[in-house]
Amino acid sequence: MAILKIARMGHPVLSRPALPIADPGAPEIARLIVDMVDTLVDANGAGLAAPQVHVPLRLVLFRVPPGREPTGQEHARSDGDSAQASALEPPTVLINPEIEPIGTGMEEDMEACLSLPGLAGMVPRHDHIRYRWTDTGGAAHEREATGFHARVVQHECDHLDGILYPMRMTDLSTLAFTSELGRSQLPED
Ligand code: NI
């Protein structure tokens, strides 16, 4: 187990396209996944892409926090025990993922990224996607996602193409330090 160092915006590994993984079952991929899970949990993040830990391969992992479960088979969680159990679920690992938007709908929401510590901004994303990936056993999978689930998958997969969320923003005036977001607006005179 190891906590990996996270690359920050400006490091070249974050702006280069990542390479496909030829052998998803390789022992070094299994080790990378274990270390990335440890790193994600340690950083308390929603998702992590391999280039963020200086590995230019097409692998991401993510977890959808309680109350923001995947839609499609969505069910409201009102009881605390279920939410607690959900928080402990291991992250989903996607190898060589591909995204296809469904429809033309977009929605905006705040995003942050472990490679831009302390910052957040409003990012438009497709509100409904289908994504395909390979698991560590080499099996192909496909899933539809909406809402936060769709957003985190798009954010993480963008890392595989050298794209950071500010490059998707349409209103840079919403880019802010999260520590300033709770501040109430100064009264106008
Ligand atoms: Ni990110």
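The following questions and answers walk through a nickel site and a nonpolar core in a predicted model. Residues are numbered from 1 along each chain as its sequence is written, and side-chain values use heavy atoms, without hydrogens or water. Local features need pLDDT of at least 70 and side-chain atom pairs count only at pLDDT 80 or more, while totals for chains, interfaces and linings use all residues.

Visitor: Which residues coordinate the nickel ion?

Guide: Donors are N, O and S atoms within 2.8 Å of the metal (3.2 Å for Na, K and Ca), and since water is not among the atoms, sites may look incomplete. Along the chain the donors follow the spacing C-x41-H-x3-H. At 2.1 to 2.2 Å, the ligands are Cys 113 (SG), His 155 (NE2) and His 159 (NE2).

Visitor: Why are His 155 and His 159 separated by about one helical turn?

Guide: Helices are DSSP runs of H or I with at least four residues, numbered from the N terminus. Both histidines are buried, meaning under 20% relative accessible area with a 1.4 Å probe, protein chains only. They are about one turn apart because they lie 4 residues apart in helix α3 (residues 147-159).

Visitor: Which element gives the most to the largest nonpolar core?

Guide: Such a core is a set of buried Ala, Val, Leu, Ile, Met, Phe, Trp, Tyr and Cys residues joined through side-chain atoms within 4.5 Å. The largest has 16 residues, and Phe 62, Leu 94, Ile 129, Tyr 131 and Val 153 have the most contacts inside it. β2 (59-62), β6 (128-134) and α3 each supply at least two of its residues. The greatest contribution, 5 residues, comes from α3.

Terms used
Buried < 20%, exposed > 50% of the residue type's maximum accessible area, 1.4 Å probe, protein only.
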